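Hello,

Here is the structure you are taking over. My notes on it follow below.

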Amino acid sequence: MQQDRRSFIRSTAMSAATAIASGTGAFSLPILNAAETSSVEWNKAPCRFCGTGCHVQVGVENGKVVAVAGDKDAEVNKGLLCVKGYHVGSALYGKDRLTQPLLRRGDKYEEITWDQALDVIADRIEGAPERFAFYGSGQWTIPEGYAAQKFMKGGLANNHIDPNARLCMASAVTGFLATYGVDEPAGCYDDLDRCDVLIMWGNNPAEMHPVLFSRVIDRRSRGEKIELIDIGTRRTRTTEQCQHYLEMKGHGDVAIALGIAHLLIKNDAYDHQFVESFCNFKSPDPENPNLHGKSISFEEYKQSLEPYTPEYVEELSGVPAEKIRMLADLFANPDIRITSLWCMGMNQHTMGTAINSLVHGVHLLSGHFGKPGDAPTSLTGQPSACGTVREVGTLAHALPGGRVVANPEHRQQCEAFWNLPAGTINPQPGYHTVEMWEQFCTPSDEGGDIDTIWVQVTNPGQTLPNLRKLFNAKEGLEDKFLIVSDVYPTATTRLADLILPSAMWVEKNGVVGNSERRTQQWFKMVEPPGDARDDTWQTLAVARRLFDRGYAGMSDKDGRFLFEVVDETGSPVPAWQWEHYYDVNFDKHLFEEYRQFSRLKHKDLAPYDEYVKARGMRWPVVEQPDGNWEETRFRFVEKDDPYVKAGTGIQFYHSSTKDDRAQLWFHPYEPPAEVPDETYPLMMTTGRVLEHWHSGSMTRRIPELSRAMPSAYVEMNPDDARDRDIRNGDLVSIRSRRGELQLQAWLNGRGRPPRGTVFVPFFDETLLINELTLDAVDPFSKQPDYKKSAVEIVKV
Amino acid sequence: MSSSPKQINRVNEAAPAPPGFAQRYAVLLVLVLIGTATTGYFIGLTSPMTASSGQPSPTSVAVHLAEPAHATSKVIPATAYADMSAVRAQRFRQQGLPLAALRKQPEDPFAEIEIDESKKLDSLASREEIRAYNGAPPTVPHPIDQLDTAACMACHGEGLKSASLRASKMPHPYYSNCTQCHVEQQANFVFASAVFENSFTGLKAPTSGSRAYTGAPPVIPHSTWMRNDCLSCHGRVAAPGMQSTHPWRANCLQCHGESSQLNQDKFEEIPQFLAVPVLLDINE
């Protein structure tokens, strides 16, 4: 129905437009009737893959996606895409799509109906609701995450819900919270158009965020001058475009940031006015380690930085002292604009919170903040890590809109929005990702108190660190039950007891939020295959099944179903029945409900229909006196951010010290959790490659991408290879304390690691490098460090 | 000036070497050449490129990829440097090209070009083989430098065409990260660890633009976004049958209309903006 109505509106509007253009409805240009294009319907959607949030135009013909084009009206990508984006349409058509619910019987699967599947899940939950956990994703759409959040924390009063984004950007969150008192970047992609210097901290945007990287380097083609600086652990495609490559050891970034701050203070080159007006100083409190730390004076801050001379930083980081001076000189120059970019390098880090805070600190100390082009900006890897995880708060400790379960006021507000009896929400944070899987993989009689995990839109069987301990150990545990909603068989479905086929991308409606606070919406354009269904519907249907069985939590305090939606006449729509799910726009109902939560932290969202018209809008989106909804480019900055008081210039209005100031942190350098030694003399980093996204479950099924990058490999330095009699293409065995894997060696290939470092991409489900990675986590964010595992390599 | 012819004469007189001198040098040169070649051969034998057993040759990779990429492709796959000479010789043999043919006179730039319809369809078919759909960035049918994109510009900056090879001209020269969109059609360095089938069917390319009447200039049947240099595909380095009949005319859009729909121009986007009424106050 929806489709037809939209097509109708579209064609009416189009003829209207033609009429306007030509002055008469009767005249038509032959050009519009070109036979080749008339049957293709184009519509907008954000790309399915990374956190950049490019908009694509999706071409649909005969109910199938047949083409994709960069959306010229999208501010993020301005008509350009990367190779993944151009081929995103093929991701729907892998031959092995899951199309039927499957229940494990011994070592085989039996096809069951959705009705049976819902009963299986309801039985598991009813049996032990407190031992049930939901493992979600930064690929969840906002309505999907919101439904799961409400189902768990509202319906089951159970806080064991955590997303894969814990593995991805948890330290960015704690960095923002510790510094500004509120999450998410103040700047946006517009900074990339204005900066004079771009510093990439352990970041390879040429491959991981190519559209953003092009946005910068294409400025050079237009004759602009930009200085690019790559601080990294190996040479990459990004390095080739940079004027400076600062090759660092693991945790070298911490030393570098401290070294810059040291020099800014020593040379009296910091921005006195900015620091005196807008900053307090903090250091970690060893007695009570939390994001508030302890306040210190400027003198104490200065003293703490004293040891981090350029020479000492060189010793710690491996970066020459003169390069540290060069960085400090750049920050000392108030006439240039400096943008910092980072992603997994600084986040997957056992000092993740510290290094995030320190980089914000360098920008604050030097006053390189709040002017277009002057911004510390963290990027995300998933399309809705910001929208769904950080804003909807699908984390074990959080509630929607920047609230936390531990805060009684926040719980009360949520109970009011959800119309739940007071005291429903559990004040105790649930298990974070690593704990959740550890509990699940521990036998019940040994204290493992999670029995059932429902996984949606992610692939923990490939992406968790130390897989043997945190995932593979589930095998053979009879009382543990794994439910997986996915679109293809994955490393996770290997151990699944119940597999649910999901609809993906333009097979369903969706709303997501990208790295620059931009909320983006799209409509369903094609039907999912077989019995595959929306993840939101799956959550809704299980909730309804529990409600029908009389499970008290699934009703609000007036006895109405938790996810009740009424039509124009006021009567409830049975959206939990699949054939009625699209009778209403369920996404819109959930979004409008969720939108109320966004005001507390001034992350105001506009009504759903505003996003239908736009190529995304950056929050806070505030209604103007003329009825228009206006987005915000630069947060905390007067004139751009409507919540900044006039005359203040910059106001950190969510300051954790309640004085409108940001916190400038000192954190002492600490070595990585695992450092190379005699037995394991090489440092292994893991990551992505241009062609594959996340665990490769979609991109591996796209022929153009999988042929270009058909398997994982290990990048080695030729000298390390020679020492081990390894030649290009040789099969080698890579070993860590946790596992062993055989891969082909690639010398002088895509990336070029220095001596002592190796790199392995994690996209290959047949070569699970995460069986080798370390599961040590950051003390504040609980995010693991995938970038520094000690390994040894021998020729096979 | 009377002295200059004398000087020239002196130079000329000095040039001829004593007899036997040239011979001695020729023998020395030959010896050096043989020596270098022999040393080079043995170094070559022991170098990692050929000695490593694990290094897959381009053919072994093709075997390991269950579905060899575009087996029927008209695009000539480029060759690893090591195999270059052998392949080149073979290609000349196959195509029966005597080296003398390369010494052809340059083409008349103003000669009228006749379009062979069947060659055009052939070219469209091979074009389709290296793309997922019409409008997708083409994949690269030869090995690429993994780090540096400047190498792309050497051949594709202006495009080139020889008797046996054609490098298309980049139609959008202001994008500087080539590998962001264009990836190798087939990786040359590792085995495929798994192969998944896919049933995506891409949008077909139009075979011609429509004409308002016989003899009218055809409209452009594709988007001109990122294809704004018409001569990249329709100029002198074009694939057979794709050339313009009149490549010397420089202002293509003078006669050939674009499609605002295909170009995503604003007024075709009205459905996305309909709900915002734009009220103009005439008095303001």
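**Sheets in chain A**

Strand 11 (residues 279-283) of chain A runs parallel to strand 25 of chain A, and four bridges join the two. Within this pairing, A:Lys282 has A:Trp665 of strand 25 of chain A as its bridge partner. Please keep in mind that this is a predicted model.

The two strands belong to an open sheet of three strands in chain A, with the order 12-11-25 and mixed pairing. The edges are taken by strand 12 (294-296) and strand 25 (662-665) of chain A; each has a single partner strand, so one side of each is left without a neighbour in the sheet. On average, and with direction ignored, neighbouring strands of this sheet are turned by 50° against each other.

A further open sheet in chain A has five strands in the order 10-9-8-13-14, and its pairing is parallel. Strand 10 (244-247) and strand 14 (375-378) of chain A are its edge strands; each pairs with a single strand, so one side of each has no neighbour in the sheet. Here the average turn between neighbouring strands is 15°, direction ignored. Strand 13 (residues 338-342) of chain A and strand 14 of chain A run parallel and are joined by four bridges. In that pair, A:Leu341 stands opposite A:Thr377 of strand 14 of chain A.

**Helix pairs in chain A**

Two packed helices are described by the angle between their axes and the distance between the axes. Three pairs are noted here.

Helix 4 (residues 142-155) of chain A packs with helix 24 (residues 586-595) of chain A at an angle of about 70°, and their axes are 9 Å apart. Helix 4 and helix 24 of chain A are therefore roughly perpendicular to each other. Their crossing is left-handed. From helix 4 of chain A, the residues A:Ile142, A:Pro143, A:Tyr146 and A:Ala147 meet A:Asp587, A:Leu590, A:Phe591 and A:Tyr594 of helix 24 of chain A. By class, this contact has seven nonpolar residues, no polar ones and one charged residue.

Helix 5 (residues 170-180) of chain A and helix 16 (residues 352-366) of chain A have axes that come within 8 Å and cross at roughly 50°. Helix 5 and helix 16 of chain A are therefore oblique to each other. The crossing of this pair is right-handed. On the side of helix 5 of chain A, the residues in contact are A:Ser171, A:Ala172, A:Thr174, A:Gly175, A:Ala178 and A:Thr179; they meet A:Gly352, A:Thr353, A:Asn356, A:Ser357 and A:His360 in helix 16 of chain A. Which class do the residues of the contact of helix 5 with helix 16 of chain A fall into? They divide into two nonpolar, nine polar and no charged.

In the third pair, the axes of helix 13 (residues 310-317) and helix 14 (residues 321-332) of chain A come within 8 Å and cross at roughly 115°. The crossing of helix 13 and helix 14 of chain A is right-handed. A:Pro310, A:Glu311, A:Val313 and A:Glu314 of helix 13 of chain A meet A:Ala321, A:Ile324 and A:Arg325 of helix 14 of chain A. This contact consists of four nonpolar, no polar and three charged residues.

**Two backbone details**

Most residues other than glycine have a negative phi, and most peptide bonds are trans. Two places in chain A are listed against that background.

A:Asn62 is not a glycine, yet has a positive phi of about 50°. A:Asn62 is found in the loop between strand 2 (55-61) and strand 3 (64-70) of chain A. A:Trp619 and A:Pro620 are joined by a cis peptide bond, with omega about -5°. A:Pro620 has its place in the loop between strand 22 (617-618) and strand 23 (622-623) of chain A.

**Confidence**

The model scores ipTM 0.87 and pTM 0.86. Chain A has an average pLDDT of 94, and 95% of its residues score at least 70. Over residues 1-37 of chain A, however, the pLDDT is below 50.

For chain B the mean pLDDT is 72, and 62% of the residues reach 70 or more. Among the elements of chain B, helix 6 (residues 117-129) has the highest mean pLDDT, 92, and helix 4 (residues 58-64) the lowest, 36. Residues 47-74 of chain B stay under 50, and the model has 50 contacts beyond four places in sequence for them. The pLDDT is also below 50 over residues 267-284 of chain B, a stretch with 19 contacts beyond near neighbours in sequence.

Regards

Definitions and conventions: Residues are numbered from 1 along each chain as its sequence is written. Chains are lettered from A and ligands numbered from 1 in the order in which they are written. This is a predicted model: local features need pLDDT of at least 70, side-chain atom pairs count only at pLDDT 80 or more; totals for chains, interfaces and linings use all residues. Axes are lines fitted to C-alpha atoms, for helices over the stretch in contact, and angles run from 0 to 180 degrees between N-to-C directions. Angles under 35 degrees count as roughly parallel, over 145 as roughly antiparallel, 65 to 115 as roughly perpendicular and the rest as oblique. A crossing is left-handed if the near helix is turned anticlockwise from the far one by less than a right angle, and right-handed if clockwise. Two residues are in contact if their C-beta atoms, placed from the backbone, lie within 7 Å. Ala, Val, Leu, Ile, Met, Phe, Trp, Tyr, Cys and Pro count as nonpolar, Asp, Glu, Lys and Arg as charged, and the others, Gly among them, as polar. pLDDT is the predictor's confidence in each residue, from 0 to 100. Two strands pair if DSSP finds at least two bridges between them.
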